[in-house]
Amino acid sequence: MINKKVNKLAFLKNDEVIRIFPVATGRQPDYTPEGNFKVVQKLVNPYYNKLKIPGGSPRNPLGVRWLGLDAKGTSGGTYGIHGTNNPGSIGRYISAGCIRMHNSDAIWLYDRTPLYTPVEIINREWDLEQLPVTLVLDGQPLSFASGSGAYLVNSRAMVPLRALAEKTGCKVDWHGDRQEAVVTGCGKTITFKVNSTVITAGGRTVKIDVPVKLKNNKVFVHVRAVGAVLGYQVSWEGKTRTVSLESAY
């Protein structure tokens with residue numbers, strides 16, 4: 001996954017982020033296409049056709065590896081993830097549309113990326129440490145401040161408790177001394193304790209799959225747990241990483 005907003009590339013395995021690399025992308029916002037693509041071409045020491053520079057030359061702007069994408073209906077020779085002979089360009093908006101990496105990073109990626117590996121290019125306020133998740137409440141996508149959105153960890157969608165609960169009409173109080181978030185105004189009192197796999201709802205305890213997390217000073221809860229206690233049905237669309245909550249009543 002490549003995020004143009006922060007010029008980073010994340011290498012994923014089984015929906016888990018293994019490594020994150022700095023990259024350079026298009027000098028205009030639309031130069032590097034966004035969407036879902038595949039790696040359809042792999043080259044070692046690629047030849048640079050435009051200036052007829054042989055592969056392996058220190059003058060070659062494509063560096064030492066090329067992973068060509070089928071973006072915009074192309075066959076892998078137009079848009080690619082590649083190395084560079086200009087390491088000072090990494091992190092900048094400077095290319096004609098390709099994604100540049102440091103040569104050592106491009107080699108690492110090349111060796112672990114077979115043909116037809118999916119590549120997703122996004123432009124969002126997201127650091128890529130975890131996969132971002134789109135959260136939909138009663139048919140309406142929700143937006144959150146930077147660093148506060150839903151994310152995927154161990155194939156579980158974690159959602160910001162306060163932001164979600166308040167959008168359902170509940171109130172959330174934080175008790176820092178106990179590391180607890182208490183939800184009220186939903187017909188019951190629900191207590192979420194950080195790092196616990198048990199929540200208290202209406203006087204009864206409920207076991208949950210994933211411990212309650214504190215991230216960026218915000219409480220995150222597995223969506224199925226919070227959905228159940230707030231009275232919502234939860235569905236998951238893996239291809240788009242979208243979790244939907246629909247009122248059960």
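A salt bridge is a side-chain nitrogen of Lys or Arg within 4 Å of a carboxyl oxygen of Asp or Glu. The legends below describe a predicted model, in which local features need pLDDT of at least 70, side-chain atom pairs count only at pLDDT 80 or more, and totals for chains, interfaces and linings use all residues. Residues are numbered from 1 along each chain as its sequence is written, and side-chain values use heavy atoms, leaving out hydrogens and water.

**View 1. A salt bridge within helix α2 joins arginine 162 and glutamate 166.** The N-to-O distance is 3.3 Å. Both residues lie in α2 (residues 161-167), 4 residues apart, about one turn of the helix. Helices (H or I, at least four residues) and strands (E, at least two) are DSSP runs, numbered from the N terminus. Buried means under 20% relative accessible area, exposed over 50%, and partly exposed in between (1.4 Å probe, protein chains only). Arginine 162 is partly exposed at 38%. Glutamate 166 is also partly exposed, at 41%.

**View 2. Further salt bridges involve aspartate 173 and glutamate 180.** The whole structure holds 6 salt bridges. Aspartate 173 pairs with lysine 171, with the closest N and O atoms 4.0 Å apart. Aspartate 173 is partly exposed, at 29% relative accessibility. Glutamate 180 meets arginine 178 at 3.0 Å, N to O. Glutamate 180 counts as buried because its relative accessibility is 15%. Arginine 178 is partly exposed, at 38%.

**View 3. Val183 and Phe192 have the most contacts inside the largest nonpolar core.** Such a core is a set of buried Ala, Val, Leu, Ile, Met, Phe, Trp, Tyr and Cys residues joined through side-chain atoms within 4.5 Å. This one has 43 residues. Its largest share, 5 residues, comes from helix α3 (residues 223-230). A second, separate core of 20 residues includes Val39, Ala71, Ile81 and Ile121. Contact means heavy atoms within 4.5 Å. Beyond its neighbours within four places in sequence, valine 183 contacts residues including Leu161, Ile190, Phe192 and Leu230.

**View 4. Helix α3 packs on an open sheet of 4 strands.** Two strands pair if DSSP finds at least two bridges between them. The strand order is β13-β12-β24-β23, with mixed pairing. The edge strands are β13 (140-141) and β23 (232-237), each pairing on one side only. α3 touches β12, β23 and β24, and its direction makes about 155° with that of β23. Axes are lines fitted to C-alpha atoms, for helices over the stretch in contact; angles run from 0 to 180 degrees between N-to-C directions. Of the 8 residues in α3, 6 are buried. Among them are Val223, Gly227 and Leu230. Glycine 231, just after α3, takes a positive phi of about 85°. Strands β12 (residues 134-137) and β24 (residues 242-247) pair in the parallel sense over 4 bridges. Threonine 134 has threonine 242 as its bridge partner.

**View 5. Strand β5 pairs with β10 and with β6.** β5 (residues 35-44) runs antiparallel to β10 (residues 118-122), over 4 bridges. Here asparagine 36 stands opposite glutamate 120. β5 also pairs in the antiparallel sense with β6 (residues 65-69), over 5 bridges. Glutamine 41 has glycine 68 as its bridge partner in β6.

**View 6. Glycine 80 is buried in strand β7.** β7 covers residues 79-82. Glycine 80 has 0% relative accessibility. Its contacts beyond four places in sequence include Trp66, Gly68 and Cys98.
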